[in-house]
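Thanks for coming. I will walk through a handful of side chains and say where each one sits and what it meets.

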Amino acid sequence: MRDPDSVDWSSLRHAYGPAADVPGHLRRIAAGGEDEALDALDELTMAVHHQGGGVQDSATALLPFLVDIAEDAPDAVRTEALELVALIARDGRLAAPRWVHEGWPAAWAAELPRVLALLDGSGGRVRRAALSALEEAGGGADAVVPVLLARSDADPADRLAVLLALGSLAAHGRPETRAAALARLRERARDGDPQTALAAEAALRRADPGHRPAAAAVIAALSAPDIAVWPEVLGTPSAASAVTWAASLLGDGVRPRTEAALALAAHPDPARRTGAVRVIAGVLTASRAPEAELLPVLTLLGADEAVEARALAAHLMAAARGDAGALAARLDDRGPVFREGGEEIADIAVWGLAVQRDARCLPGLLARIEGPRCCGADVVDSGTLYIPWIPSIAELLDPMAEHAAALLPAIRSRLAARRESHPGLIRALARWGPVAAPAVPELTRLLKGADWPHVLDALAAIGPAAADALPRIEAGRFPHDSTPWQTRAARVGPLTARWRIAGDPGPLLDAVAAAPAADHLAEIADLGPAAVAHGPALRALLDDRDEWTRVRAANALHRVTGDPDEAARALRETARDLAARPMPVSMEALRLLAAIRADPGPLRPMLADLLASDRRHRYHSGRRAFDDDRAIRANAALLLA
């Protein structure tokens with residue numbers, strides 16, 4: 001490697017400021033063992049690439065050093081260096097020009113011949129890492145594509161990787177370069193080898209995003225014996241990941257992906273069955289249409305020998321309110337949901353039965369309440385992956401109010417121990433309302449602890465049966481920090497509890513009157529007709545710039561006046577875009593419209609289309625996609641009834 005001191009690194013910058021630390025990392029790579037070199041490369045990646053989005057001057061200066069390392073180091077270090085080159089090259093191609101150092105294109109052009117040379121005389125991982133860097137850069141496609149077309153690789157993984165790279169590079173060359181690449185790919189798409197045909201089809205899609213391979217070609221490749229080559233090509237951990245990647249080539253089409261999943265669900269290879277369940281997760285979170293076909297398949301896979309397949313199948317059954325008997329059969333399944341341990345498949349079964357109000361979940365719920373994993377945090381599903389998170393204890397208990405008598409002794413015992421914070425248990429009691437009254441003594445004692453805002457909510461929800469807690473509530477002195485949430489809770493939480501327990505609205509009305517109505521929409525709604533004086537302020541807020549403020553003001557106005565018409569106009573305006581993309585605020589507007597039994601008016605055609613569509617109407621991913629769709633459909637049906 002060239003001398004790190006040949007560059008004035010202190011004049012350059014990376015994500016953490018001046019790049020003066022770069023030569024130290026380079027010396028560790030040159031002089032240290034493999035582990036030391038890999039650690040140094042990790043630190044360089046964090047500094048020079050960080051979260052991506054651009055190419056700084058330090059990355060441009062670092063490029064020739066990285067290629068030096070890729071030419072002469074242990075294979076693992078060479079591969080890691082080329083992976084960093086690929087990350088930087090990708091940013092150089094995709095980032096807006098103002099975020100890419102002006103010297104990057106020339107630096108890449110200068111190093112291109114050396115990176116191309118790494119395709120020969122290197123180990124397989126190094127060759128494929130070099131190919132990935134060439135592919136990500138895009139620049140120099142007219143020089144790279146002819147080299148790739150002339151190759152005749154003996155290694156199957158290399159052959160497939162070259163085809164994929166041709167698809168990526170075809171978009172960056174001159175017309176004749178693109179034509180030559182596409183001609184080769186179309187030829188290989190007719191190849192008798194299923195994996196070669198699949199690679200060519202995937203490459204054609206990279207070159208033309210509108211291209212869709214036939215489902216039969218994808219299924220043939222995924223069903224063939226030699227699928228083990230794909231994890232090498234894609235850098236994925238297993239054949240299951242290769243299955244989901246190949247299914248994604250079929251685009252958003254529900255039918256082709258369903259056919260692929262059905263074809264692999266009974267495959268003798270556990271990894272392919274696991275991949276099939278992952279594909280089913282993607283299909284069912286997008287569409288309700290194949291439920292009748294796929295839920296019985298999930299029932300079978302819920303007893304699969306492959307733990308991941310079994311866990312994901314059980315989770316999907318629970319999310320879709322599937323076969324309760326199949327879920328009950330997993331109540332003793334200690335298979336881990338995640339490799340790191342913790343949650344078990346039995347926990348999924350408990351949740352799946354709880355949401356169906358099935359008493360068979362009670363022993364598992366009691367074990368959860370009494371055990372070390374009682375009160376995990378809520379997880380919000382976002383992104384596109386289906387991750388089998390298990391709901392918090394509050395969500396597990398929410399539908400089980402009718403079984404409060406069986407559950408309250410364990411809950412009370414856990415709260416009485418006061419060894420740790422239990423906001424989830426307390427929120428569950430708030431959702432149960434009056435049936436949680438036996439827990440008032442434990443809740444009252446917890447007013448001295450960190451959970452006091454949740455405790456006040458629970459006591460307020462219990463109502464008059466929580467009268468014994470009033471002296472402690474009225475004594476005040478709630479420990480709180482200076483955050484707006486806790487300051488507000490300390491000011492209005494006790495007054496709300498007093499109103500709900502004793503029926504005395506006076507102090508809460510006075511507190512609400514002392515601040516803008518927008519600051520107390522929940523309290524005004526809770527006060528109902530007692531807060532009728534706020535009607536004019538609420539009407540003004542129906543035209544507020546913030547959608548959530550308009551929706552909450554509409555709810556409060558209806559609760560105060562009892563007149564659904566004014567509120568409905570504002571709620572319909574917010575709900576009208578629900579079909580295009582459900583958002584939490586539009587879903588809440590729809591819920592409130594249904595709750596007040598408002599006339600849907602101009603929303604009728606849209607609501608009818610929502611109910612007629614097989615699309616999964618959702619904002620969230622994962623299990624919450626099913627919850628979103630159920631809620632939207634239930635509220636639409638109520639409005640149209």
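I will take salt bridges, then aromatic rings, then a helix kink, a histidine and some backbone angles.

Please keep in mind that this is a predicted model.

Let me start with charges. Side chains of opposite charge can pair when their charged atoms come close. How many salt bridges does a search of the whole structure find? The count is 54. I will show three.

The first example is R127 with D155, where the closest N and O atoms are 3.6 Å apart. This pair links distant parts of the chain, with the two positions 28 residues apart. R127 belongs to helix α6, residues 124-137, while D155 is in the loop between α7 and α8. Are the two partners buried or exposed, or something in between? R127 has a relative accessible area of 17%, so it is buried, the cut-off being under 20%. D155 is at 25%, and therefore counts as partly exposed.

Next, R368 and E343. Their side chains meet in a salt bridge at 2.9 Å, N to O. Again the pair links distant parts of the chain, 25 residues apart. R368 is in helix α20, residues 362-370, and E343 is in the loop between α18 and α19. Both of these residues are buried.

The third example is D627 with R623, a salt bridge of 3.9 Å, N to O. Where do these two sit relative to each other? They are both in helix α35, residues 623-640, and because they are 4 residues apart, about one helical turn separates them. D627 is partly exposed at 28% relative accessible area, whereas R623 is buried at 3%. These two also belong to a network: salt bridges with shared partners join R321, E395, R623, R624, D627 and R630.

R623 has another role in this talk. Its charged end sits over the ring of W351, 6.0 Å from the ring centre. A second case of this kind is R2, whose charged end sits over the ring of F65, 5.9 Å from the centre.

That brings us to the rings. A pair of aromatic rings is described by the distance of the centres and the angle of the planes. The structure holds 4 aromatic pairs. One of them is W104 with W108: the centres are 6.3 Å apart and the planes are at 25°, so this pair is stacked. Both tryptophans are in helix α5, residues 104-117, and since they are 4 residues apart, about one helical turn lies between them. Both are buried.

Another pair is F338 with W389. Here the ring centres are 5.4 Å apart and the planes are at 45°, so the pair is tilted. F338 is in the loop between α18 and α19, W389 is in the loop between α20 and α21, and 51 residues separate them along the chain. W389 is partly exposed, at 30% relative accessibility. Which residues does F338 touch, leaving out those up to four places away in sequence? The answer is I387, P388 and W389. For I393, which is 55 residues from F338 along the chain, the separation of the C-alpha atoms is 18 Å.

Now the kink. Helix α3, residues 57-71, bends by about 35° at L63, shortly before the proline P64. This helix is mostly covered, with 13 of its 15 residues buried.

On to the histidine, H267, in the loop between α14 and α15. H267 is buried, at 13% relative accessible area. A polar atom of its side chain lies 3.0 Å from the backbone nitrogen of D269. Apart from neighbours within four places in sequence, H267 is in contact with S223, R272 and R273.

Last, the backbone angles. Most residues other than glycine have a negative phi, and most peptide bonds are trans. Two arginines are worth a look here. R321, which we met in the salt-bridge network, has a positive phi near 60°. R321 is in the loop between α17 and α18 and is partly exposed, at 31%. R597 has a positive phi of about 55°, and its place is in the loop between α33 and α34. At 59% relative accessibility, R597 counts as exposed.

That is the end of the tour.

Notes: Residues are numbered from 1 along each chain as its sequence is written. This is a predicted model: local features need pLDDT of at least 70, side-chain atom pairs count only at pLDDT 80 or more; totals for chains, interfaces and linings use all residues. Side-chain values use heavy atoms; hydrogens and water are left out. Buried means under 20% relative accessible area, exposed over 50%, partly exposed in between (1.4 Å probe, protein chains only). A polar contact is a pair of N or O atoms within 3.5 Å; within protein, one must be able to donate a hydrogen and the other to accept it, and residues adjacent in sequence count only if both atoms are side-chain atoms. Contact means heavy atoms within 4.5 Å. A salt bridge is a side-chain nitrogen of Lys or Arg within 4 Å of a carboxyl oxygen of Asp or Glu. Rings of Phe, Tyr and Trp (its six-membered ring) pair if their centres lie within 6.5 Å; planes under 30 degrees apart count as stacked, over 60 as edge-to-face and the rest as tilted. A charge sits over a ring if NZ of Lys or CZ of Arg is within 6 Å of the ring centre and within 35 degrees of the ring normal. The bend at a residue is the angle between axes fitted to the seven residues ending there and the seven starting there.
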